[in-house]
2 protein chains.
Amino acid sequence: MNDLSETRSPSSSVGDYLKAVWELAVDSGGTASTKGVAARLSVSPASVSNMFARLQEMGLVRYERYRGATLTERGREEALRLVRRHRLIETFLLEHLGYDWQEVHDEAERLEHAVSDGFTERLAELLGHPDHDPHGDPIPSAEGSLEVDDSMALSQVVAGRRVRISKVRDEDAAMLDYLGDRNLVPGRWLRVREVRELDGVVVVEDEEAEVYALGDPLARSIFVRND
Amino acid sequence: MNDLSETRSPSSSVGDYLKAVWELAVDSGGTASTKGVAARLSVSPASVSNMFARLQEMGLVRYERYRGATLTERGREEALRLVRRHRLIETFLLEHLGYDWQEVHDEAERLEHAVSDGFTERLAELLGHPDHDPHGDPIPSAEGSLEVDDSMALSQVVAGRRVRISKVRDEDAAMLDYLGDRNLVPGRWLRVREVRELDGVVVVEDEEAEVYALGDPLARSIFVRND
DNA sequence: ATATAAGATTAGGCAGGGCTAAACTCAATA
DNA sequence: TATTGAGTTTAGCCCTGCCTAATCTTATAT
Ligand SMILES: [Mn+2]
Ligand SMILES: [Mn+2]
Ligand SMILES: [Mn+2]
Ligand SMILES: [Mn+2]
């Protein structure tokens, strides 16, 4: 298949850098900055400059001094391979091992580098080949394709719409728990009653006619699709 | 040296060295040789000398130049922690992910370093707190105690005895598969018909009166208990 | 008691990944 | 257009782990 699986698999550091570039490049025109990656991985900017050069050397990234790094096709494949593992592992931890949201991410962050392709696919089998993880992030296919994301933040919906929760941000575990407790999870339908410019509060009504006033941070943690 | 090194968990290399010392020290009066560890881990003797010094520095091993290394209490604890993880993971791979013996060990060898204590205990829970892995090796308790092994190789049993298989060596996957196919697995009873000095062949009869003539390598891969 | 070889250690390297401090770029201002 | 500071890179260093070659030690056999 790809050249990486035939050669030696990249270290966990390399993988985490690739994922960071992938995640940051989404909303930055394909390019990730030194500073952004440094912040994301809690390393110094100097370390990132160094790694960018090495990643380019390995053919995983295109890199121009002072201009940031862009994933090559091979780099993207490797990043998505890790994202697939990460999300499948998170699903397993939540559904089979009784983890809660606080704990899931760190564990997956380490395990994603230790499991083999064989493990990953058997795990997918065990889980019934899910295409989304429990909070709604799409799971890349084994072949490396990823669903295009056409959802929008709840804070950007026009009032009156009926929408369906497609995912919730997994960055803040406390918010995840809050939303989980209220069953504001992927798959649920909401009626948007009000989107208040003034303070960013979004008022929604759920399937049981329960009404919630969600502050801006929460409203931006919930992603929905029209229709 | 500082208190941080006390807290930070050992790298996977350190852990594998500790396990190697533990495994080799069993039948060497508590001490593992440079050469033995080097062979076991497929590294050069020079690397082992170097690591022995570092392990002593970390308080995990007692080391005398030219004399080999012995685990300290802390070293033993760490080794057993890894052995526990390793055996629980192997059990999971075999019973829940449909692995066969060929593949199990390598995967566990990597995963044992990536999982947390929390993961390990939840996995134990999922598996029903097994005290032996599928081929009969005892699983150390979470507190670090390990069953004393009073079993003997089938090749050392006196003819006529009725014995019970307690474990099978997991070093050679082909033998494991051979024994598994014939249901010569932990828990089974055998009647020892003959132990032939000449060629080391051991003839046994199983519960279904099936008779097997096992060559020396196989006979030494099967461990049994009297009673 | 001594020679010898197996085993072990030292010496000297190298690559991967980190760090801090100092120097440099470049884009946005004044 | 000149200045300036945020962002980046470079320089120089550190630690982990691994290697080969050269040099011991030690146990054993003479
Ligand atoms: Mn996730
Ligand atoms: Mn990771
Ligand atoms: Mn085992
Ligand atoms: Mn290991």
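Here's a quick look at how the protein meets DNA strand C and how it holds a manganese ion. This is a predicted model, where local features need pLDDT of at least 70, side-chain atom pairs count only at pLDDT 80 or more, and totals for chains, interfaces and linings use all residues. Residues are numbered from 1 along each chain, chains are lettered from A and ligands numbered from 1 as written, and side-chain values use heavy atoms, leaving out hydrogens and water.

**Around DNA strand C**
- DNA strand C has 22 residues around it, and the closest include Arg67(A) and Tyr63(B); "near" here means a residue has a heavy atom within 4 Å.
- Sugar or phosphate makes up 82% of the strand C atoms within 4 Å of the protein, and bases make up the rest.
- By class, this surface has 10 nonpolar, 8 polar and 4 charged residues (Ala, Val, Leu, Ile, Met, Phe, Trp, Tyr, Cys and Pro are nonpolar, Asp, Glu, Lys and Arg are charged, and the others, Gly among them, are polar).

**Grabbing phosphates**
- The side chain of Arg67(A) puts an N or O atom 2.5 Å from a phosphate oxygen of strand C.
- Lys35(B) uses a backbone N or O atom instead, 2.7 Å from a phosphate oxygen of strand C.
- Tyr66(B) also has a backbone N or O atom by a phosphate oxygen of strand C, at 3.0 Å.

**The manganese site**
- Asp16(B), Glu109(B), Glu112(B) and His113(B) coordinate the manganese ion (ligand 4) at 2.0 to 2.4 Å; donors are N, O and S atoms within 2.8 Å of the metal (3.2 Å for Na, K and Ca), and water isn't among the atoms, so sites may look incomplete.
- Glu112(B) counts as buried because its relative accessibility is 0%, while His113(B) is partly exposed at 24% (buried is under 20% relative accessible area, exposed over 50%, partly exposed in between, with a 1.4 Å probe and protein chains only).

Notes
Polar contact = N/O pair within 3.5 Å; in protein donor to acceptor, adjacent residues only side chain to side chain.
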